[in-house]
Amino acid sequence: METLIYDLSIESKNAKLLVDILGVGNVLNNINFEYKIILNDDNNFSFSDKSVLDHYLDLLEINWTKISSLCDKIIIWVNYDFEEQCNIELTANEMCRMGALNITYCFSAF
């Protein structure tokens, strides 16, 4: 069984306010915002035919004027638990959008 874990992580001096503004996520250790989406054989999320990465970027871009001053560091983690082969594909648009928001993208396969 393959599992794909997406984790939007934001270091912030006011993670609680990020949760309030974005309407999703959790506060960890008072300074970390986390919004995790897990995809596997048992559950599939649908964001109107968008990828999870596009969903995260849309959420950040739409709220950027409200949250940019609250974000110290933004990281999108992707952890992929697979059986044989692992492939990753990012579109030029996704890379440009992440770059414009100064987002670090981390991918782990195991």
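Trainee: Leu17 lies in helix H1, residues 15–22, but what makes a run of residues a helix or a strand?

Mentor: Helices are DSSP runs of H or I with at least four residues, strands are runs of E with at least two, and both are numbered from the N terminus. Before we go on, keep in mind that this is a predicted model, in which local features need pLDDT of at least 70 and side-chain atom pairs count only at pLDDT 80 or more, while totals for chains, interfaces and linings use all residues. Residues are numbered from 1 along each chain as its sequence is written, and side-chain values use heavy atoms, with hydrogens and water left out.

Trainee: Why is Leu17 called partly exposed?

Mentor: Its relative accessible area is 33%, and the term covers values between buried (under 20%) and exposed (over 50%), with a 1.4 Å probe and protein chains only. Leu17 therefore belongs to the partly exposed class. Its C-alpha is 8.7 Å from that of Ile67, although 50 residues separate the two in sequence.

Trainee: How do you know that Ile76 is buried?

Mentor: Ile76, which is found in strand S4 (residues 71–81), has a relative accessible area of 0%, and so it counts as buried. From C-alpha to C-alpha, Ile76 and Tyr6 are 7.1 Å apart in space, while they are 70 residues apart in sequence.

Trainee: What makes helix H2 mostly covered?

Mentor: In H2, which spans residues 52–62, 8 of the 11 residues are buried. Among them are Val52, Leu53, Tyr56 and Leu60, and also the charged residue Asp54.

Trainee: What makes Asp20 and Lys16 a salt bridge?

Mentor: The term asks for a side-chain nitrogen of Lys or Arg within 4 Å of a carboxyl oxygen of Asp or Glu. For Asp20 and Lys16 the N to O distance is 2.8 Å, so the pair meets the definition. The two residues are 4 apart in helix H1, which means about one helical turn lies between them. In general, an α-helix has 3.6 residues a turn, so residues three or four places apart point the same way. Asp20 is partly exposed at 47% relative accessibility.

Trainee: How do you know that Lys36 and Glu34 also meet in a salt bridge?

Mentor: Their N to O distance is 3.8 Å, which is within the limit, and therefore the pair counts. The partners fall into separate classes of accessibility: Lys36 is partly exposed at 43%, whereas Glu34 is buried at 15%.

Trainee: Why is the pair of Arg97 and Asp58 said to tie parts together?

Mentor: The closest N and O atoms of this salt bridge are 2.5 Å apart. Arg97 lies in helix H4 (residues 92–100) and Asp58 in helix H2, so the bridge joins parts that are 39 residues apart in sequence. Arg97 is buried, with a relative accessible area of 11%. Both residues belong to a network of salt bridges that links Asp54, Asp58, Glu61 and Arg97, and the structure holds 6 salt bridges in total.

Trainee: How many disulfides does the structure hold, and how do you know?

Mentor: The structure holds 0 disulfides, a disulfide being a pair of cysteine sulfur atoms within 2.5 Å. The sulfur of Cys71 has its closest cysteine sulfur in Cys106, at 16 Å, and this is too far for a bond. Cys71 is buried at 14% relative accessibility, and Cys106 is buried at 17%.

Trainee: What is notable about the phi of Asn29?

Mentor: Its phi is near 55°, a positive value in a residue other than glycine. Most residues other than glycine have a negative phi. Asn29 lies in the loop between strand S2 (26–28) and strand S3 (32–40), and its 65% relative accessibility makes it exposed. Asn102 also has a positive phi, about 60°, without being a glycine. Asn102 is found in the loop between H4 and strand S5 (103–109), and it is exposed at 64%.
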